[in-house]
Amino acid sequence: MEISISVRNLVEFLLRNGDIDNRRASNKPDAMLEGSRIHRMIQRRMGPNYHAEVPLRHIINTPSYDIVIDGRADGIIFDNDPDTVQDEHLLPDNLPAVAGDRQVPTGYKVTIDEIKGTYKDVNRMKKHDEIHLAQAKCYAYIFSLQNELDSAGVRITYCNIETEELRYFHFDYTFDELRAWFNELIGEYRKWADFQFEWNAKRNATIKTTEFPFEYRDGQKELVTYVYQTIYHRRKLFIEAPTGVGKTIATIFPTIKAMGEGLVEKIFYLTAKTITRTVAEQALSHLKERGLSFRSVTLTAKDKICFLDEPECNPVSCEYAKGHYDRVNEALYAMLTESDNHSRETILKYSVKYRVCPFELALDASIFSDMIIGDYNHLFDPHAYLRRFFTEGVRNDHAFLIDEAHNLIDRGRDMYSAVLIKEDFLAIKKITKGVDRKITNSLVNCNEELLKLKRLSGEMNVLNEAGITPFITRLLRLSSVMETYLEENEDSPIRNEILLFYFEVSHFLFIYELTGKDYVIYTDFLDDNRFMIKLYNVNPSDNLNLCMMRGRSSILFSATLLPIEYHKKLLGAEEGDYEVYAKSVFDPDKRGLFVAKDVTSRYSRRNETEYRRIAEYIRKIVSVRKGNYMIFFPSFAFLSEVRAIYEETYPFERLIVQGNNMREKDREEFLREFSEDNDDTLIGMCVMGGIFGEGIDLKAERLIGAVIVGTGIPMVCNERQILRDHFDEEGLNGYDYAYKFPGMNKVLQAAGRVIRTVEDKGIVVLLDERFLERPYLRLFPREWGNYVEVSLNDVETHIDKFWKKISL
């Protein structure tokens with residue numbers, strides 16, 4: 001068995017110390033991208049004696065397992081005149097090749113080069129970073145050992161990302177010095193490696209004996225097989241799985257089995273909502289109850305797990321940040337040896353006990369976890385993804401289980417788009433005026449370019465490359481001067497305001513580097529008349545696919561992944577990827593589906609007459625049987641119109657309404673009203689696609705009916721028109737991609753709130769005559785084939801017939 005770790009992760013994990021401190025601007029969002037550029041630039045400048053990106057691998061044998069340490073040395077320099085290594089490296093052409101176990105000829109000096117991009121002024125740097133030196137020393141030891149060298153040099157090269165100025169730090173070591181240092185480092189790591197080996201052996205033994213925790217539902221065993229085969233063949237699988245199929249356990253179980261066979265190194269269960277993370281935790285609990293030993297960690301957003309009201313990750317503002325790295329390994333080891341389920345509550349418990357940051361402790365626990373449960377951004381966000389697991393250009397044996405995958409389209413667009421607002425430049429200028437002349441001047445220059453763009457457009461205006469280039473040039477300069485200010489003024493009273501805006505600018509510049517065929521660059525006015533410029537990722541497919549290429553296989557599943565080709569087009573599908581429609585386990589006779597043929601939410605018919613008709617429909621539907629109902633509207637404005645009429649006409653009804661921007665406490669109180677013990681009928685008015693439109697689980701009598709008003713199509717706006725035009729130009733139906741498909745997804749999600757278990761009974765009523773048109777009927781899931789057409793005159797009769805039938 002092997003325990004693998006990269007050189008970088010090894011030294012950072014063992015040698016870190018001191019405080020967490022976010023006051024330095026070195027955490028710039030595009031630092032990784034810029035760092036890679038700096039590496040390539042320096043490597044190209046060196047002569048033929050400079051060997052770039054040299055892969056090195058070292059195996060340490062122990063009685064029970066092997067420790068595999070690998071990485072890439074940024075550069076290895078060969079020289080038969082040691083004096084020339086110090087600067088320009090003008091060397092002879094007859095240099096030895098760097099490969100495998102070839103030895104370096106006698107008389108050549110070897111220097112390991114470790115390159116680091118920085119935003120600091122390199123001319124003011126007086127000392128190197130010990131972590132950077134440790135990385136280089138690891139490479140120096142491995143290369144010296146494999147090439148039987150008596151000594152080796154180490155050079156730390158710092159390059160300012162903005163100015164490209166260089167600063168070198170040189171060191172020389174004998175092989176004995178390197179070996180003694182490296183052996184001491186590995187001695188510290190052995191405790192962690194021994195622990196991981198013992199755990200992996202225990203885990204794999206229990207995986208082999210763990211059986212599926214339930215009796216297989218119809219079609220569920222086939223779904224388990226599809227998932228395993230997809231992982232085996234290193235592909236993606238898109239699963240349309242109606243509610244109740246048991247898709248969570250049906251995806252987790254075979255992936256764990258694949259881990260036991262050595263196919264999967266780590267499992268990432270990713271979702272957009274907290275409640276579905278809880279479902280994943282529950283699925284693991286069922287497997288553990290049957291003997292599985294398995295370690296998981298649930299990652300919680302920083303602002304939700306931080307002890308402070310607002311995260312301030314520095315030793316001045318937070319006692320848990322002060323000295324965090326001095327205590328965190330002790331806290332981590334205690335937690336790992338005392339607990340397998342690293343939930344939010346467990347993380348907080350050990351954070352308090354050892355006085356460490358809970359967010360960072362959870363991230364460290366993920367290194368030793370078999371499954372990581374968390375938000376999409378841990379894989380897909382260009383700034384927040386878990387870099388410790390995803391090395392650029394390397395594909396590991398990770399499995400990505402992506403729940404509620406229909407949400408990833410809009411989340412992907414958001415993560416890979418960027419917006420800047422003209423008025424924000426003026427707001428920052430007000431606070432920098434008289435404080436920093438360079439920032440103020442750069443803000444003025446950027447604002448002037450935006451003003452030119454504003455004068456070009458009466459409304460929305462699509463820009464080409466030439467149209468945005470002058471603004472980008474000014475923005476790059478602004479980013480540079482803000483960077484300098486932040487580095488030199490850690491205690492500035494306006495630092496936080498500048499830092500936040502700096503991150504917005506950096507994100508915009510980062511996304512600008514990604515723009516291409518799947519982007520539209522445009523300017524527009526917001527509802528409050530502010531002027532914005534946006535880099536809009538209309539099709540996030542390529543960006544999402546690149547993220548999924550970091551692993552072995554991706555399983556994307558949802559109860560509403562229809563139409564499947566639309567979702568595959570936008571979610572990173574490649575030729576050869578699979579798709580499957582899981583069979584519904586529900587008895588269709590227990591769900592009544594009714595479609596109204598004489599009402600609509602069309603914009604042309606939005607008037608008091610239609611609102612009153614909808615209110616009367618709702619009253620007739622809920623009057624047939626006492627219970628809890630949810631009514632889903634296309635917008636808050638539409639809801640408000642119908643609500644006013646309903647309360648006026650039927651004042652005796654018990655009505656609760658979804659508020660705009662409800663807090664978590666308000667949401668919980670809203671859902672608590674849906675009790676099985678209610679004496680009277682309860683009507684909850686909500687908005688389609690909102691917080692109650694998906695991800696809530698009201699079983700049995702807690703919800704017996706859903707009424708869906710309208711087809712869910714998004715409001716017409718400039719951005720939707722951009723989407724429509726883009727997909728029209730690709731030869732697809734732009735209206736479907738921009739409006740119909742996203743709208744129908746919201747309808748399906750809202751309808752799925754009613755039937756949650758095989759025992760549930762309930763009704764779904766679609767109040768829009770457009771659902772009876774052929775284009776919409778084609779979008780109905782298979783299990784919706786038994787719908788009944790109704791009118792305002794006979795809806796009560798049909799619904800009464802349904803309830804009486806299932807009561808027999």
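Reader: Which residues is His324 in contact with, leaving aside its neighbours within four places in sequence?

Author: In this predicted model, the contacts of His324 are with Gly18, Asp19, Ile20, Val356, Cys357 and Glu360. They are called contacts because heavy atoms lie within 4.5 Å. His324 itself is found in helix α9, which covers residues 324-338.

Reader: How do you know whether His324 is buried or exposed?

Author: The relative accessible area of His324 is 0%. Buried means under 20%, and His324 is therefore buried.

Reader: How far apart are His324 and Cys357 in sequence and in space?

Author: They are separated by 33 residues in sequence, and their C-alpha atoms lie 6.7 Å apart.

Reader: What makes helix α11 largely enclosed by the rest of the structure?

Author: Helix α11 spans residues 358-367, and 9 of its 10 residues are buried, so the helix is largely enclosed. The buried residues are Pro358, Phe359, Glu360, Leu361, Ala362, Leu363, Asp364, Ala365 and Ser366. One of them, Glu360, is also among the contacts of His324.

Reader: Why is strand β11 called mostly covered?

Author: Of the 5 residues of β11, numbered 371-375, 5 are buried; the term applies because each has a relative accessible area under 20%.

Reader: What do strands β8 and β9 do with β11, and in which sense?

Author: Strand β8 (residues 266-271) pairs with β11 in the parallel sense over 5 bridges, and strand β9 (residues 296-298) does so in the parallel sense over 3 bridges. These count as pairs because at least two bridges are required. Tyr269 stands opposite Ile373 in β11, and Thr298 also stands opposite Ile373.

Reader: What is the order of the open sheet of 8 strands?

Author: The order is β10-β9-β11-β8-β12-β17-β7-β18, and the pairing is parallel.

Reader: Why are β10 and β18 called edge strands?

Author: Strand β10 (341-342) and strand β18 (578-581) each pair on one side only. Within the same sheet, strand β12 (residues 398-402) and strand β17 (residues 553-558) are joined in the parallel sense by 4 bridges, with Ala399 opposite Ser553.

Reader: What makes the phi values of Arg234 and Glu404 worth a remark?

Author: Most residues other than glycine have a negative phi. Arg234, however, has phi near 60°, and Glu404 has phi near 45°; both values are positive, in residues other than glycine. Arg234 lies in the loop between α5 (220-232) and β7 (236-240), while Glu404 lies in the loop between β12 and α13 (408-415).

Reader: How are Arg234 and Glu404 classed by accessibility?

Author: Arg234 has 39% relative accessibility. The value falls between the limits of 20% and 50%, so Arg234 counts as partly exposed. For Glu404 the relative accessible area is 11%, which is under 20%, and Glu404 is therefore buried.

Reader: How do you know whether the peptide bond from Leu562 to Pro563 is cis or trans?

Author: Its omega is near -10°, and the bond is cis. Most peptide bonds are trans. Pro563 lies in the loop between β17 and α19 (564-570).

Reader: What are the covered and uncovered faces of strand β1?

Author: Ile3 and Ile5 form the covered face of β1 (residues 2-6), whereas Glu2, Ser4 and Ser6 form the uncovered one. The strand runs parallel to strand β3 (residues 66-79), joined to it by 5 bridges, and Glu2 stands opposite Asp66.

Reader: How many helices and strands are in the chain, and what does its radius of gyration show?

Author: The chain has 26 helices and 25 strands. Its radius of gyration is 30 Å, close to the 28 Å that the globule rule gives for 808 residues, so the chain is as compact as a globular protein of that length. Along the principal axes, the C-alpha atoms fill a box of roughly 100 × 70 × 50 Å.

Reader: What share of the residues is buried, and what share of the contacts joins residues 24 or more positions apart?

Author: Buried residues make up 57% of the 808. Among contacts with a separation of 6 or more, 79% join residues 24 or more positions apart. The chain exposes about 35,300 Å², of which carbon and sulfur atoms supply 47%.

Notes
Residues are numbered from 1 along each chain as its sequence is written. This is a predicted model: local features need pLDDT of at least 70, side-chain atom pairs count only at pLDDT 80 or more; totals for chains, interfaces and linings use all residues. Side-chain values use heavy atoms; hydrogens and water are left out. Helices (H or I, at least four residues) and strands (E, at least two) are DSSP runs, numbered from the N terminus. The radius of gyration is taken over C-alpha atoms; the globule rule is 2.2 Å times the number of residues to the power 0.38. Buried means under 20% relative accessible area, exposed over 50%, partly exposed in between (1.4 Å probe, protein chains only). Accessible areas come from the Shrake-Rupley method with a 1.4 Å probe; for residues, only the protein chains shown count as cover.
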